[in-house]
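Reader: I'd like to go through this one label by label and hear what stands behind each. Can you show me the model?

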Amino acid sequence: RWHENGKKRAEAEYAEGKLNGVVREWTEEGVLVYKATFRDRKLQGELLRWNAKGELVVRKVFVAGKEVLKERRYGPGATEELKRKERDKSTSSDSK
């Protein structure tokens, strides 16, 4: 898949018609914002998300599709939207 400006938007590896390998996504400016590995259509290993500045904001680890580790990083370049979503999520779970 490609952005309208001709730069690559995403790529994914398949084996025998199944998502099986690395998936990557980039911004229109060419900054990598997502990388994850799949085995037989299930997440396996690290899932990484970066903001548009290229700063790592989320790291998750999966084993056979199950999340076993989650880290969020809020450095100076982390987006306010990501921070707000995390606050909203924790507020709604506190009220249950």
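Author: Let's begin with contacts: two residues are in contact when heavy atoms of theirs lie within 4.5 Å. Among contacts in the protein chain with a separation of 6 or more, residues 24 or more positions apart account for 7%. Keep in mind that this is a predicted model.

Reader: What is the pattern of the protein chain along the sequence?

Author: It reads β-β-β-β-β-β-α, which comes to one helix and six strands. Of the 96 residues, 28% count as buried.

Reader: Why is His-3 called buried?

Author: The cut-off for buried is under 20% relative accessible area. His-3 comes out at 16%, so the label fits. This residue sits in the segment before strand S1 (10–15). Leaving out residues up to four places away in sequence, His-3 touches Lys-8, Arg-9, Trp-26, Thr-27 and Glu-28. A polar atom of the His-3 side chain also lies 3.4 Å from the backbone nitrogen of Glu-28.

Reader: And what makes Val-68 exposed?

Author: Exposed takes over 50% relative accessible area, and Val-68 has 54%, so it passes. Val-68 is in strand S6 (residues 66–72). Together with Val-63 and Leu-69, Val-68 forms a nonpolar surface patch with about 240 Å² of accessible area.

Reader: How do you know that Lys-8 and Glu-11 meet in a salt bridge?

Author: A side-chain nitrogen of Lys or Arg has to be within 4 Å of a carboxyl oxygen of Asp or Glu. For Lys-8 and Glu-11 the N to O distance is 2.7 Å, so the pair qualifies. Arg-24 also bridges to Glu-11, with the closest N and O atoms 2.8 Å apart. That second pair links distant parts of the chain, Arg-24 being in strand S2 and Glu-11 in strand S1, 13 residues apart. Lys-8, Glu-11 and Arg-24 are thus linked in a network of salt bridges. The structure holds five salt bridges.

Reader: Why is Arg-24 called partly exposed?

Author: Partly exposed covers the range between the buried limit of 20% and the exposed limit of 50%. Arg-24 has 21% relative accessibility, so it falls in that range. Lys-8, at 30%, counts as partly exposed as well, and so does Glu-11, at 27%.

Reader: What makes the contact between the side chains of Arg-59 and Glu-46 a polar contact?

Author: A polar contact needs suitable N or O atoms within 3.5 Å. These two side chains are at 2.6 Å, so the distance meets the cut-off. Arg-59 lies in strand S5 (residues 56–63). Arg-59 also forms a salt bridge with Glu-71, where the closest N and O atoms are 3.2 Å apart. Glu-71 is in strand S6 and Arg-59 in strand S5, so this pair ties together parts that are 12 residues apart in sequence.

Reader: Which residues make up the largest nonpolar core?

Author: There are eight: Leu-19, Val-23, Tyr-34, Ala-36, Phe-38, Leu-43, Leu-47 and Phe-62. Strand S2 (18–26), strand S3 (32–39) and strand S4 (42–50) each supply at least two of them, and S3 gives the largest share, three residues. Beyond its neighbours within four places in sequence, Phe-62 is in contact with Leu-43, Gln-44, Gly-45, Leu-47, Glu-67 and Val-68. As a general point, nonpolar side chains tend to be buried together in soluble globular proteins.

Methods: Residues are numbered from 1 along each chain as its sequence is written. This is a predicted model: local features need pLDDT of at least 70, side-chain atom pairs count only at pLDDT 80 or more; totals for chains, interfaces and linings use all residues. Side-chain values use heavy atoms; hydrogens and water are left out. Helices (H or I, at least four residues) and strands (E, at least two) are DSSP runs, numbered from the N terminus. A polar contact is a pair of N or O atoms within 3.5 Å; within protein, one must be able to donate a hydrogen and the other to accept it, and residues adjacent in sequence count only if both atoms are side-chain atoms. A nonpolar core is a set of buried Ala, Val, Leu, Ile, Met, Phe, Trp, Tyr and Cys residues joined through side-chain atoms within 4.5 Å. Buried means under 20% relative accessible area, exposed over 50%, partly exposed in between (1.4 Å probe, protein chains only). Patches are made of residues with over 30% relative accessible area and no salt bridge: like charges are joined within 9 Å, nonpolar side chains (Val, Leu, Ile, Met, Phe, Trp, Tyr) within 5 Å. Accessible areas come from the Shrake-Rupley method with a 1.4 Å probe; for residues, only the protein chains shown count as cover.
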